[in-house]
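Here are a few exercises to work through with the model open in your viewer. Try each one before you read its solution.

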Amino acid sequence: MLFKQQALLRQKLFVLGSLAIGSLLYLVARVGSLDRLQPLCPIDGRFGPRSQDEIPLRALQFKRGLLHEFRKGNVTKEQIRLHNLVQQLPKAIIIGVRKGGTRALLEMLNLHPAVVKASQEIHFFDNDENYAKGIEWYRKKMPFSYPHQITIEKSPAYFITEEVPERIYKMNSSIKLLIIVREPTTRAISDYTQVLEGKERKNKTYYKFEKLAIDPNTCEVNTKYKAVRTSIYTKHLERWLKYFPIEQFHIVDGDRLITEPLPELQLVEKFLNLPPRISQYNLYFNATRGFYCLRFNIVFNKCLAGSKGRIHPEVDTSVITKLRKFFHPFNQKFYQITGRTFNWP
Ligand code: A3P
């Protein structure tokens with residue numbers, strides 16, 4: 001008898017436990033789906049008009065929800081009208097530098113509720129064929145956003161392409177320009193690593209970095225090598241300064257963005273006149289990746305793709321020393337112009 005009662009009690013406890021776990025799982029799933037469902041509801045006042053300068057303190061997951069749904073094509077024209085969604089030209093552009101951490105910067109800024117990113121590199125200003133399609137073509141490439149939000153795009157080729165500063169100036173002479181830089185020699189090796197990986201994928205052989213970076217005839221740094229030229233930041237910046245005053249640029253420390261992203265992002269928020277909204281909660285270190293990853297909410301987080309954070313090949317130390325010596329005077333000039341000093345060797 002006693003045994004039967006105990007069995008019954010165990011059965012009851014099991015049912016209750018299952019119910020509790022079930023409810024918990026339901027709640028978690030619900031929170032996860034809220035950001036997808038909420039935006040589809042027309043809640044007046046929540047989206048009502050605000051003063052132009054005011055950035056609503058909308059939950060991060062809310063912004064993600066609607067815009068994400070739209071990108072997937074799940075939002076109707078009616079919803080665009082209802083929520084007053086628009087495709088806006090960028091108010092800020094990450095113009096470079098390639099391999100400086102441009103993707104990480106864009107993705108991290110996108111954590112801000114008032115920022116909307118253009119996911120793809122659009123290459124409007126550096127590609128003549130695209131540029132010939134006109135500014136409306138460019139605008140239509142932009143994601144949907146609320147009118148109070150700002151759109152940001154990144155195309156790192158802009159920084160080094162001759163025609164780009166004038167073209168951007170013609171679109172918007174007061175646009176804000178973000179440049180993310182890394183220690184020039186490391187950046188050049190990162191650039192090389194990317195090209196090398198592309199060659200290997202196609203089963204092609206490629207030169208060693210040392211062979212490309214050093215001219216075998218003179219034994220000097222090969223300034224014709226693109227990865228070297230791109231790292232002469234001051235040369236490129238000087239071209240931009242013919243069109244834009246230095247106040248319109250903000251230099252991001254790409255090396256610090258890797259190790260300590262928050263303070264770098266806070267400086268960008270300030271530069272863009274955005275209220276500080278990105279917090280340590282939004283960034284967590286992933287030991288497996290060896291990088292900071294992004295946390296949008298309790299359910300949604302992501303790390304950058306594996307193509308970001310490649311292992312660099314070993315490079316002869318004498319070549320590294322030579323390159324660092326070569327970049328040194330250009331770096332000094334860069335610090336002088338930008339007012340931002342780095343501890344580059
Ligand atoms: P490496 O692959 O040399 O490590 P870009 O996006 O401009 O191509 O820059 C790529 C670089 O972004 C990577 O270079 C990586 O070091 C850097 N990076 C910065 N923050 C990162 C992050 N959180 N996750 C992955 N890569 C990051």
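**Exercise 1.** Work out which residues of helix H8 are buried, and what they pack against.

*Solution.* Keep in mind that you're looking at a predicted model. Start with the cut-off: a residue is buried if its relative accessible area is under 20%. In H8, that picks out Pro184, Thr185, Arg187, Ala188, Ile189, Ser190, Asp191, Tyr192, Thr193, Leu196 and Gly198. Next, look for their neighbours: these buried residues pack against helix H9 (209-213), helix H10 (226-230), H11 and helix H14 (317-338).

**Exercise 2.** Check the length of H8 (residues 184-201) against its expected span, then inspect what sits at its N-terminal end and just after the helix.

*Solution.* First the length. Count 1.5 Å times one less than the number of residues; with 18 residues, H8 should span 26 Å. The end C-alpha atoms of H8 are 26 Å apart, so the model agrees. Now the N-terminal end: glutamate 183 caps it, with a side-chain oxygen 3.1 Å from the backbone nitrogen of threonine 185. Finally, step just past the helix, where asparagine 203 takes a positive phi of about 60°.

**Exercise 3.** Find the strand order of the open five-stranded sheet and say why S3 and S7 each have a side without a neighbour.

*Solution.* Reading across, you get S3-S5-S2-S6-S7, with parallel pairing. Strand S3 (115-117) and strand S7 (249-253) are at the edges and have a single partner strand each, so one side of each lacks a neighbour in the sheet. From one strand to the next, the twist averages 25°. Zoom in on the S3 edge: three bridges tie S3 to strand S5 (residues 150-154), and the two run parallel. There, lysine 117 stands opposite isoleucine 152 in S5.

**Exercise 4.** Which strands does helix H4 touch, and which does helix H11 lie across?

*Solution.* Take H4 (residues 102-109) to begin with: it packs on the sheet and touches strand S2 (92-96), S3, S5, strand S6 (176-181) and S7. Its direction makes about 165° with that of S5. Then turn to H11 (residues 233-240), which lies across S2, S6 and S7 and runs at about 175° to S6.

**Exercise 5.** Zoom out: how many helices and strands does the protein chain have, and what share of its residues is buried?

*Solution.* Tallying the secondary structure gives 14 helices and ten strands. Of the chain's 345 residues, 46% count as buried. As for the outside, the accessible surface comes to about 18700 Å², with 56% belonging to carbon and sulfur atoms.

Notes:
Residues numbered from 1 in each chain as written. Predicted model: local features only at pLDDT ≥ 70, side-chain atom pairs only at ≥ 80, totals over all residues. Heavy atoms only, no water. Pairing = 2+ DSSP bridges. Helix = DSSP H or I, 4+ residues; strand = E, 2+ residues; numbered from the N terminus. Axes fitted to C-alpha atoms, helices over the stretch in contact; angles between N-to-C directions. Contact = heavy atoms within 4.5 Å. Buried < 20%, exposed > 50% of the residue type's maximum accessible area, 1.4 Å probe, protein only. Areas by Shrake-Rupley, 256 points an atom, 1.4 Å probe, with all protein chains shown as cover. Expected span 1.5 Å × (residues − 1). Polar contact = N/O pair within 3.5 Å; in protein donor to acceptor, adjacent residues only side chain to side chain.
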